Amino acid sequence: MDHNRTPLFTALLAHAERNPIQFHIPGHKKGVGMDPEFRSFIGDNALSIDLINIAPLDDLHQPMGVIEEAQRLAADAYGADHTFFSVQGTSGAIMTMIMTVCSEGDKIIVPRNVHKSVLAAIIFVGAKPVFIQPARDKNLGIDHGIPTRSVRRALEKHPDAKAVLVINPTYYGVCTNLKEIVDLVHSFNMPVLVDEAHGVLIHFHDKLPMSAMEAGADMAATSVHKLGGSMTQSSVLNVKGTRVNPKRIQTIISMLTTTSTSYILLASLDTARRHLALNGREMAERTIELAQYTRRQINEIPNLYCFGEEILGEEATFNYDPTKICVHVRKLGITGFEAENWLRDHYNIEVEMSDMYNILCLITPGDTPDNIETLLQALRELSHINDDVVEVKEVVIKVPAIPQLTLTPRDAFYGETEILPFKDSADRIIAEFIYVYPPGIPILLPGEVITQELIDYIVEHVEVGLPVKGPEDRSVKNVKVIVETQAIF
């Protein structure tokens, strides 16, 4: 296919050139009816293609023209049979995957460290999650992938599950043996869904992990906006094989998508595909080189560590994406959260996320050597001002056991509830989420029994300033639980 073409973006430019008189939404009408300061900042070019699904521009809900052409080009670029554009982010694409294969009461096998969008979809359809515990890195205090042997045990115990979901790569850039898992799951005649939010570049370079489509997965939700150059909130859902029905996928993604789709976001997907298809290997090569240089330099800074290929060799650490720079700061005597704040306050650097022991920096095609040198200078200073640490805390792996799920997440979420102080909620059934965001991994989800171990774990995260979110009470002092039926005496 001719990847120089951008069917949708070209149609938008032609439409803007014709400059028709608009008697349709959006009401700002190319910026004339908009706040002048915002219009000046955004620019008339962008506002001229902030349009809706009028006939010449096709309709994302039933694409038959330029959007359909753009999606076909994307499918070719990403090695898929079908590609669906998402203006609801990868969260919308993930929810589409699950809602395509699951109905009320169905089981789905998922890692415990899934994104909250997975649990949202499970609640919407009334499915039952079967959790697999990811491998925990006792040196870094982070989760990796799920071992193949754990997937096999889950399949043997739950052969009636409707699908298996895999994260590839994880937020920290680590991959399980995806091809092995795909082949195993397919031997049970079950589809594989992949959360590929952080994997758009892996389609374009052989030094990066295997993509979901290359591994033969049935569906993969991929954040083009995270690393591939499209605008925030724009993603794709890639589909391969015959285990899932593309017409069903179109129906579901349409149900989850606004009817006022953003053509700016859609055009950015179209043009990002062109750039990746034509230049992706070169972009990825340059990004990998920058990232590996950064990794080597960080590992020369006292008391800092950035993992690389030395962690590989286990089922759950089969491969890694070197463009994810995870900096372990524990030996500085500070938390990752404190390091994140210091970098912001002293160097105007914003990192992707922090946790108890690490900060995560993403190196992308948008980075330059100057960006990298500023980061390295900042980390050297951070190391220097903390070089007299008297006591270095050991990595404390206090990952509580997966709590008992006594109600389906849907039944708990919509059940009769009451509010209790969180510290007094042990042994009660929670009716809302508690998760750490980013990356949005649930610690508790509706329907699970709150344990004292979980209370202590969450309170510790809150007290050190880590971003625990989810409950209606943002302070996490109170929690919503299922009302218990009182015994009759």
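1. A good place to start is a pair of facing residues: isoleucine 434 stands opposite leucine 444 in E18. Please keep in mind while reading that this is a predicted model. The isoleucine's surroundings are strand E17, residues 434-436, which is joined to E18 by three bridges, with the two strands running antiparallel.

2. Stepping back, E17 and E18 belong to an open sheet of three strands, ordered E18-E17-E19 and paired antiparallel. Strand E18 (441-444) and strand E19 (468-469) are the edge strands, each pairing on one side only. Helix H16, made of residues 452-463, packs on this sheet and touches E17, E18 and E19. The direction of H16 makes about 130° with that of E18.

3. There is another open sheet to look for, with four strands in the order E11-E13-E15-E14 and antiparallel pairing. At its edges sit strand E11 (305-306) and strand E14 (353-354), each of which pairs on one side only. E11 is joined by two bridges to strand E13 (residues 324-328), and these two strands run antiparallel. If you would like a residue pair to find by eye, try cysteine 306, whose bridge partner in E13 is valine 327. Helix H12 packs on the sheet, touching E11 and E13, and its direction makes about 10° with that of E13.

4. H12 deserves a closer look for its own sake. How far would a straight helix of 36 residues span? At 1.5 Å a residue it would span 52 Å, yet H12 spans only 41 Å between its end C-alpha atoms. When you trace the helix, pause at asparagine 279, where H12 bends by about 80°.

5. H12 (residues 263-298) also meets helix H1 (residues 7-18): their axes come within 7 Å and cross at roughly 130°. H1 and H12 are therefore oblique to each other. On the H1 side the contact involves Pro7, Leu8, Phe9 and Leu12. These meet Tyr263, Leu266, Ala267, Asp270, Thr271 and Arg273 in H12. Sorted by class, this contact of H1 with H12 has seven nonpolar, one polar and two charged residues.

6. Which helix packs with H1 at an angle of about 145°? That is helix H4 (residues 66-78), and the two axes are 7 Å apart. H1 contributes Pro7, Leu8 and Ala11, while H4 contributes Val66, Ile67, Glu69, Ala70 and Leu73. The residues in this contact of H1 with H4 divide into seven nonpolar, no polar and one charged. Pro7 and Leu8 of H1 are worth finding on the model, as they take part in the contact with H12 and in the contact with H4.

7. Next, the loop between H1 and helix H2 (36-42), which holds proline 26. A cis peptide bond joins isoleucine 25 and proline 26, with omega about 5°. Lysine 29 is found in the loop between H1 and H2 as well. Although lysine 29 is not a glycine, it has a positive phi of about 50°.

8. Finally, where is proline 169 placed? It lies in the loop between strand E6 (164-167) and strand E7 (174-175). The peptide bond joining asparagine 168 and proline 169 is cis, and omega there is about -10°.

Terms used. Residues are numbered from 1 along each chain as its sequence is written. This is a predicted model: local features need pLDDT of at least 70, side-chain atom pairs count only at pLDDT 80 or more; totals for chains, interfaces and linings use all residues. Side-chain values use heavy atoms; hydrogens and water are left out. Axes are lines fitted to C-alpha atoms, for helices over the stretch in contact, and angles run from 0 to 180 degrees between N-to-C directions. Angles under 35 degrees count as roughly parallel, over 145 as roughly antiparallel, 65 to 115 as roughly perpendicular and the rest as oblique. Contact means heavy atoms within 4.5 Å. Ala, Val, Leu, Ile, Met, Phe, Trp, Tyr, Cys and Pro count as nonpolar, Asp, Glu, Lys and Arg as charged, and the others, Gly among them, as polar. Two strands pair if DSSP finds at least two bridges between them. The expected span of a helix is 1.5 Å times one less than its number of residues. The bend at a residue is the angle between axes fitted to the seven residues ending there and the seven starting there.
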